[in-house]
Amino acid sequence: MKRLLPALLLLAPLVATATDTLHLYIWNNYISAQTATRFEAACGCRLKQDYYSDNEEMLAKLEAGATGYDLLVPTGNAVETLIRKGALQPVDRSRLPHFANVDPAFRDPWFDPGNRYSVPYATSVTLLGYNATKLTELGLPTDTWALIFEPAHLVPLKGRVTVLNSPRELMAAALRYLGHSAQDTDPAHWRAARDLILRAKPYWATFSNSTYIKDLALGNIWVAHGYSNDMVRARADARAAGRPFAIGFTIPKEGAVLAVDSFVIDRAAPRPDLAHRFIDFMLQGDNAADVSNLIGAGNPNRAARPAIRPEVADEPAIFPPAETLTRLEMLRDLDPRQRRLLARMWTEIKVK
Amino acid sequence: MKHSAWLWTAALAAYAFLYVPLAIVVLFSFNDSELNASWVRFTTRWYAKLLGDPDMLQAAANSLLIAIASSTIATILGTMAGIALHRWRPRLLPFLVLTPVSMPEILLGVSLLLFFRQVLDLTLGLFSILAAHVTFSIGFVAIIVRARLAGMDEEIFAAARDLGATPWRTFRRVTLPLILPGIVAGFLMSFTLSIDDFVITFFVAGVGVTTLPLQIYSMIKVAVTPEVNAVSTLLMALTLTLIALAARFAPDTLRRSP
Amino acid sequence: MRGSSSTAERGARLTRWLVTAPPALFLVVFFLVPALIMAAASFREPGEFGGLAPLASTGLTLEAYRFVFDDVIYLEVLVRSFAVAALTTVICLLLAYPLALLIVRSPKRQRDRLVLLVILPFASNFLIRIYAWMMILGPLELLYTPFAVIAGMVYVHLPFMILPLYTNLEKHDPVLLEAAQDLGAGAWTRFRRVTWPLSLPGVLSGAALVFIPVLGMFAVPELLGGTGDLLIGNLIKEQFLDNRDWPLGAALSLLLTAAVLAVAWLSALLTRGRSAS
């Protein structure tokens with residue numbers, strides 16, 4: 001045991017976190033390694049990232065004692081919840097000289113009037129990504145939720161479809177397909193959506209929030225319900241690996257969920273100074289453009305526009321035209337009673 | 001023996017079942033392909049990437065520190081518990097010592113999470129992980145130490161006492177040397193349990209304190225690259241070395257431990 | 001004389017205290033109290049944002065239990081978890097038995113090496129072992145199927161079956177088998193009448209070491225399973241780390257605890273029945 005002590009002492013400096021570290025809790029595949037490295041160089045600090053792949057996961061993790069993050073990147077509904085919970089600190093506009101770059105259309109959102117707590121970072125749409133080569137071969141439509149809900153389409157796709165492992169997102173897709181709002185909380189409509197999902201489930205391979213990127217790129221999966229930026233990633237991965245097929249993605253015509261993801265600062269952030277520096281860094285045009293060019297997300301930053309490559313800027317599933325925008329909705333958070341009801345339905349969906 | 005043919009076949013199949021998957025993991029850690037679906041060409045770049053990855057190094061350092069600290073504490077407490085179980089056959093202690101060992105891990109993880117958050121309102125981190133690891137390791141050490149004591153001749157201790165040795169002296173001079181192999185085995189066991197634990201750590205880990213298994217889980221779930229294979233290979237090499245050392249210095253621990 | 005003996009007695013009591021108290025205290029604080037808190041949490045209401053609602057405003061309630069028993073789905077998940085655990089245990093036994101027999105019947109010098117060969121893969125982290133199966137089953141188009149879950153469960157837990165079996169088989173007296181052979185018993189009869197009955201304690205302890213952890217395992221179904229492979233461990237994890245419904249998670253945990261205790265009790269009963277007969 002005596003020999004252990006010096007060993008422990010040697011390890012101690014490794015364990016003690018470097019003083020200048022910014023802890024960022026962010027969606028997976030939402031900030032490119034290049035951008036992160038550039039920020040680290042500019043700031044002379046470390047950017048430590050943890051990832052989540054669902055807002056619920058992030059909120060639950062915070063509730064379960066994940067204190068110590070400086071910055072989070074929640075979607076609108078989760079921002080609203082965090083504000084009501086008192087879990088955030090206001091952003092100090094005076095430390096964000098580049099805030100003016102935010103597109104006025106994205107300022108003053110319903111979930112945070114006046115942008116007191118949040119600064120918009122990127123947008124994504126929950127849609128269908130697919131193996132275009134395969135689907136053309138099979139003669140299947142790609143612009144409708146019917147692709148993942150109608151047994152007629154699903155028969156040749158059996159075991160080749162993944163859907164998000166997120167009760168909110170999957171219900172939203174089903175509700176839109178049934179002609180309801182994604183925000184609908186009417187239990188009767190929920191039950192109808194559940195039945196629709198249960199009818200289609202036998203044809204699906206699995207529920208997946210992040211692994212579908214790889215499965216699409218490999219060709220294991222032909223249709224995935226997921227986020228637009230993840231489909232961009234799958235497409236790029238498949239191209240880079242020289243896979244013999246093309247990946248496509250389309251916003252279903254019945255409408256879909258739009259996510260506006262914003263930077264917010266945790267109330268207990270150990271380093272609000274670094275958090276502000278990071279936000280302002282990300283607000284600068286060239287840096288802001290990265291999330292579109294390298295990740296494939298929509299961009300709420302005016303100054304980024306000129307730097308965004310045309311093939312990204314012209315992609316309607318990334319920058320939806322006005323006509324499509326009318327069919328996109330943002331989610332609202334649920335109260336505990338609704339959460340429990342949804343959890344029950346979700347369990348039913350998974351068990352039956 | 002007549003049936004040795006089928007016995008050999010079955011056993012070989014079982015060994016193949018044990019080793020082929022791991023061999024594939026090791027092989028594909030040298031594959032020069034981000035997607036890692038089929039073999040492209042040999043590279044060691046994933047190892048280079050791994051060794052330059054500060055998150056990974058930090059996680060490894062955390063794992064090591066937690067394993068050393070928790071197995072040290074667990075060995076001390078577990079040895080005491082093992083002795084107590086053997087000497088005095090107390091009524092409540094077996095329940096306390098043996099239940100955490102025999103319950104599904106998730107239950108300990110969840111209840112500790114509730115305890116740390118709801119009662120202590122603690123910031124999860126090194127301390128919570130440490131406490132959790134000690135809790136599930138004590139039982140294993142106690143069982144091993146008690147087994148060691150059970151195989152021993154009680155007369156020796158009586159003789160030491162009769163010769164006027166104080167309890168402490170009896171312990172230092174007689175008991176401790178005799179049960180030392182058990183204590184070492186217990187230490188190695190709890191070290192392995194700690195450095196390997198995922199389920200309980202998953203519930204009680206906090207921000208900025210990741211362990212290697214948590215890091216591996218996040219990589220498998222979010223962004224699988226051959227880096228996962230590389231870290232797996234290195235970890236296997238490390239445990240291999242540890243086992244080789246254990247086999248060299250305390251041969252009988254391997255056979256007794258689980 | 002009396003005085004000194006009572007001093008010795010006091011000394012003995014003090015020793016006993018000093019040795020027993022630290023581990024007992026530690027486990028009371030970090031095991032017993034948390035377990036009781038979990039039990040208590042199952043009678044609370046979920047908070048608005050997750051966690052538990054303040055006790056003062058909502059009081060205690062049986063709501064979580066009503067929710068669990070209101071519908072068969074939660075019990076269905078429990079039953080399915082039992083089925084998966086049972087199947088895993090049986091397959092582990094079928095794979096482990098010949099292996100353990102082989103090791104026992106090989107020359108003494110080789111035994112340690114062969115046992116080591118069994119422990120080695122077990123020394124790699126279980127996530128790595130699951131990941132290995134993801135790599136194998138993906139191209140075979142077997143990933144995300146019930147088969148994948150069972151394969152992963154078996155692969156993760158196999159050593160827990162092999163080691164107790166080996167320890168047990170090693171103790172058998174070869175004279176018994178020779179005697180049976182002398183009496184004209186064939187290989188199969190020798191196995192059925194001698195080896196198998198003698199190995200039952202090893203089988204039972206191996207079964208317990210596999211069965212109980214499988215019951216609570218969530219990582220295997222999560223990483224290898226398909227749309228229907230949800231086990232009780234996944235449900236519990238989801239309540240805490242996705243759904244923010246702690247009371248429901250606590251109630252489900254207690255359900256699992258009860259199930260595990262029932263299994264342990266049953267296995268103790270079986271073992272005792274064995275040793276009595």
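This report walks through a helix in chain A, two chain contacts and the confidence of chain B in a predicted model.

Let's start inside chain A. Helix H8 of chain A spans residues 167-177 and is mostly covered, with 11 of its 11 residues buried. Among them are the charged-looking names you may want to find on screen, A:Arg168, A:Glu169 and A:Arg176, along with A:Leu170, A:Met171 and A:Tyr177. Just after H8(A), A:Gly179 adopts a positive phi of about 90°.

Next come the contacts between chains. Chain A brings 28 residues to its contact with chain B, which answers with 25 residues. On the chain A side, the elements that give two or more residues are helix H1 (4-15), strand E2 (46-52), helix H10 (212-218) and helix H11 (228-240). H1(A) gives the most, with six residues.

The contact between chains B and C takes 65 residues from chain B and 67 residues from chain C. Here helix H1 of chain B (residues 4-27) gives the most to the chain B side, with 13 residues.

The table sets out the classes of residue on one side of each contact.

| Side | Nonpolar | Polar | Charged |
|---|---|---|---|
| Chain A, touching chain B | 15 residues | nine residues | four residues |
| Chain B, touching chain C | 52 residues | nine residues | four residues |

Finally, a word on confidence. Chain B averages a pLDDT of 87, and 95% of its residues score at least 70. Over residues 254-258 of chain B, however, pLDDT stays under 50, and the model has 13 contacts beyond four places in sequence for this stretch. Where pLDDT is low, predicted coordinates should not be read in detail.

Conventions. Residues numbered from 1 in each chain as written. Chains lettered and ligands numbered in written order. Predicted model: local features only at pLDDT ≥ 70, side-chain atom pairs only at ≥ 80, totals over all residues. Buried ≥ 20, exposed ≤ 12 C-beta atoms within 10 Å, placed from the backbone. Helix = DSSP H or I, 4+ residues; strand = E, 2+ residues; numbered from the N terminus. Contact = placed C-beta atoms within 7 Å. Nonpolar A, V, L, I, M, F, W, Y, C, P; charged D, E, K, R; others polar. pLDDT = per-residue confidence, 0-100.
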